[in-house]
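Work through the exercises below with the model on screen. Try each task before you read its solution.

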Amino acid sequence: MNEFMKIANDEAIQGSSEGEGGPFGAVICKEGAIIARGHNEVLKTNDPTAHAEIVAIRRASALLGRFDLSDCEIYTSCEPCPMCLAAIYWARISKVFYGCTKEDAAAIGFDDNAIYEFIKDPLRYSQTLRLVLLDRDQCLKSFEKWGNKQDKVIY
């Protein structure tokens, strides 16, 4: 077994054995060395975003003092859910290695298919979650300020 995937899998086992969350673990590597690791902490923290990948990304970013992790890779015990995939994308991580598939996760009760379907067609699934446009004109003022800001950092 790949050494980094083994550690990600060990994180998954540890977290779920301790009742901290589901059986998911992740390791972030830079230049062949582990810089951060994490496991699902949703139950431990009552934070629905505390997935293994998110926990590891937060730790890696804190350690490196930057949000751009483009020189890093992530090893995760399962194919990332849509939220984690988006976080990996926004962190600019260059490569994702995963162990189990989203179908494997669905087989044990972690089915992200509803999220994928919602993303494809939000109007069709509006009974699950409604997206309501509200006060756009007022909210655009902060966008205008950002657009005119000379010292902004694009991320």
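**Exercise 1. Find out how S1 and strand S3 run and how many bridges join them.**

Step 1. Locate S3, which covers residues 72-78. Strands here are DSSP runs of E with at least two residues, helices are runs of H or I with at least four, and both are numbered from the N terminus.
Step 2. Compare directions: S1 and S3 run antiparallel.
Step 3. Count the bridges: five join S1 to S3. Two strands pair if DSSP finds at least two bridges between them.
Step 4. Pick out one facing couple: Val27 stands opposite Tyr75 in S3.

Before going on, note the source. This is a predicted model, with residues numbered from 1 along each chain as its sequence is written. Local features need pLDDT of at least 70, side-chain atom pairs count only at pLDDT 80 or more, totals for chains, interfaces and linings use all residues, and side-chain values use heavy atoms, with hydrogens and water left out.

**Exercise 2. State the strand order of the open sheet and name its edge strands.**

Step 1. Read the order across the four strands: S2-S1-S3-S4, with mixed pairing.
Step 2. Look for strands that pair on one side only: S2 and S4 are the edges.
Step 3. Check the turn between neighbours. On average it is 15°, direction ignored.
Step 4. Add the helix. H3 packs on the sheet and touches S1, S2 and S3. Contact means heavy atoms within 4.5 Å.
Step 5. Give the angle: the direction of H3 makes about 140° with that of S2. Axes are lines fitted to C-alpha atoms, for helices over the stretch in contact, and angles run from 0 to 180 degrees between N-to-C directions.

**Exercise 3. Place the sheet in the whole chain by listing the pattern of helices and strands.**

Step 1. Count the elements: the protein chain has seven helices and four strands.
Step 2. Follow the sequence: the pattern is α-β-β-α-α-β-α-β-α-α-α.
Step 3. Find the buried share. Of the 155 residues, 32% count as buried. Buried means under 20% relative accessible area, exposed over 50%, partly exposed in between (1.4 Å probe, protein chains only).

**Exercise 4. Describe phi, location and exposure for Glu31 and for Arg92.**

Step 1. Recall the rule: most residues other than glycine have a negative phi.
Step 2. Take Glu31. Its phi is near 55°, a positive value. Glu31 sits in the loop between strand S1 (25-30) and strand S2 (33-39).
Step 3. Judge its exposure. Glu31 counts as exposed because its relative accessibility is 73%.
Step 4. Take Arg92. Its phi is positive too, about 65°. Arg92 lies in the loop between helix H4 (82-90) and strand S4 (95-100).
Step 5. Judge again. Arg92 has a relative accessible area of 34%, so Arg92 is partly exposed.

**Exercise 5. Say where Gly109 lies and how far Gly109 is from Ala60.**

Step 1. Find the loop: Gly109 is between helix H5 (102-107) and helix H6 (113-120).
Step 2. Read its accessibility: at 61%, Gly109 counts as exposed.
Step 3. Give both distances. Gly109 and Ala60 are 49 residues apart in sequence and 29 Å apart in space, C-alpha to C-alpha.
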